[in-house]
Amino acid sequence: MSRGFVPPHPPRDVKPALPWSGLFGERARTAVYGWSEKAFTEPHIRREVFGFTVHIPLDPDAIQRVFQTNAANYAKPDIAKRLAGPLIGRGLLMADGGLWRKQRRIVAANFTPPAVDGLIPAFAGAAQDEAAGWAPGERDMAAAATRATMRIIADTLFGGDPRLKTPEAMRHIANALAAGGAARVSAILRLPDIGWSPTLRRGRKGQLFLRKTLADLVRERAAGEPQDDFLGSLIAALTQQFGRDEGLQLAVDNAATFYLAGHETTANAVSWALFLLSEQPVWQDRAAAEAAAALAEGGDDADLPERLPLLRQVLDETLRLYPSAPRFDRQAIEADALGEHAIAPGDIISIWPWLLHRHKSLWDDPDAFDPERFGPGGEKQRHRFQYFPFGGGPRTCVGAHFARVEALAILAYWLAGWRFTPVPGHEVETSGSVTLRPKDGLPLRIEHRD
């Protein structure tokens, strides 16, 4: 029996697409486009793609082995480092081994629950300030979410530096992310990074802008008086651990990582949640009533997230249907086995939340929107590695708690004050090769809530 509303997803063919088809058209631009029905029913897929052996495990036990029980055998792939290197270098996201462990310890101190709780007033202020300029009518809520989360990252992690909150920075980030698909094609075909398409050229300009802006910021901070914020503590700890030159380079790498990924993924989660609720007014009204009651008790205190259990269910279901990061890739260092499937050194293990979160052997009516899945007791009925929007094991996203609380605060303020409805005739589609976002923005009609 269907659970109800089935939001749009890319069409699925009966047979798997040919490997080379991923180099062109929509499959090259949108990571989740072109999957067959088989990908949502099989336990494991193995493919040969231009000299790479790629395994796509679709069994939670296999995911657990890669992410947790044998995580040391699965490193970030060489191709991923080649793609991400120009922007985020050897920062936490791309590092392995001892370099990763040292950076993780340094960064994690800034994202403990008490540290995040202290940032809730900043989350609330950004949500309120963004909505202060709204008027009833049509509004691009994806752009609104991006502005709010960009401001939050700049204010909470980078001392509110105005260079990180401009429309120019927003445009360059969008271009850098959009170039991900084209850059991946170059890397797969082992082509030089020569900017053979307008998308790649715009993306390269975006990368250069962001690296220069953040390098300038790090250099200015290092030369000035120490500041007790994320960037200040990051610079101090990294230079103490690695020496001045390498420490400052790693500070730029991590600044780029957290600035880019820190606001983009949360903005997408907020956007998709608003889209889903705009299509389901009963759920929206319930979430709005809960938000209004929670804010009436206090809008910026540490207990705010705990007063939003229904909205948390909506957010969790949103991240199931539209995981901000649709894939996590690893490369085997030594031979291993995932169930009955042999893994050779150098094989790519491609783990797809997009597929696991919608797999027919794991979920009842998996394409339908139903926040009740995440109600009390639901977690006990799921395998730990059946649902993992922030990854899993030792490399679980260090900012996962930050992102969840930030998204809940933004959604609470916006839903308590505004009603969101679809724009007639506008078809919402997925887009993006690095993160999943609504294609061409998310126009919704908004009106004041009584």
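I take the expected span of a helix as 1.5 Å times one less than its number of residues. I kept that beside me while going through this model, which is a predicted one.

**Entry 1: helix α14**

I started with α14, residues 309-321. This helix has 13 residues and reaches 19 Å from its first C-alpha to its last, close to the 18 Å expected. Is α14 enclosed or open? I counted buried residues, taking buried as under 20% relative accessible area. Eleven of the 13 residues of α14 are buried, so the rest of the structure largely encloses this helix. I noted the buried ones by name: L310, L311, Q313, V314, L315, D316, E317, T318, L319, R320 and L321. I then looked up what covers them, and the cover includes α12 (244-279), α13 (281-296), α15 (353-356) and α16 (400-417).

**Entry 2: the five-stranded sheet**

Next I traced an open sheet of five strands, and I read its order as β1-β2-β8-β5-β3, with mixed pairing. Its edges are β1 (44-49) and β3 (74-75), each of which pairs on one side only.

I went through some of the pairings in turn. Strands β2 (residues 52-57) and β8 (residues 348-351) run parallel and are joined by two bridges. There I found H55 opposite I349 of β8. Between β5 and β8 the run is antiparallel, with four bridges. In that pair, Q331 stands opposite I348 of β8. The β3 and β5 pair is also in the antiparallel sense, over two bridges. On that side I found A75 facing Q331 of β5.

How many of the five residues of β5 are buried? I get four, and I wrote β5 down as mostly covered.

I also checked which helix lies across this sheet's strands β2, β3, β5 (328-332) and β8. The helix is α2 (residues 60-69), and its direction makes an angle of about 115° with β8.

**Entry 3: the three-stranded sheet**

I moved on to another open sheet, this one of three strands in the order β4-β12-β9, with antiparallel pairing. Strands β4 (137-140) and β9 (418-422) are at the edges with a single partner strand each, so each has one side without a neighbour in the sheet. I noted an average twist of 45° from one strand to the next.

I looked more carefully at β9 and β12, which pair in the antiparallel sense over five bridges. Which residue of β12 is the bridge partner of W418? I found H448 there. Helix α12 lies across β9 and β12, and runs at about 75° to β9. I had already met α12 as part of the cover over the buried residues of α14.

**Entry 4: cavities**

Last, I looked for enclosed empty space. I kept only cavities of 30 Å³ or more, and the count comes to three. The largest has a volume of about 40 Å³. What lines the largest cavity? I listed F275, S278, E279, P422, V423, H426, V428, P443 and L444. I then asked which elements supply at least two residues of that lining, and these are α12 and β12 (443-448). Helix α12 gives the most, with three residues.

So α12 now appears in several of my entries: in the cover over α14, across β9 and β12, and in the lining of the largest cavity.

Terms used:
Residues numbered from 1 in each chain as written. Predicted model: local features only at pLDDT ≥ 70, side-chain atom pairs only at ≥ 80, totals over all residues. Heavy atoms only, no water. Pairing = 2+ DSSP bridges. Contact = heavy atoms within 4.5 Å. Axes fitted to C-alpha atoms, helices over the stretch in contact; angles between N-to-C directions. Buried < 20%, exposed > 50% of the residue type's maximum accessible area, 1.4 Å probe, protein only. 1 Å grid on protein atoms, 1.4 Å probe; cavity = no way out; pocket = protein on both sides within 12 Å on 5 of 7 lines; lining within 4 Å. Points joined across faces, edges and corners; volume = space filled by probe spheres on them.
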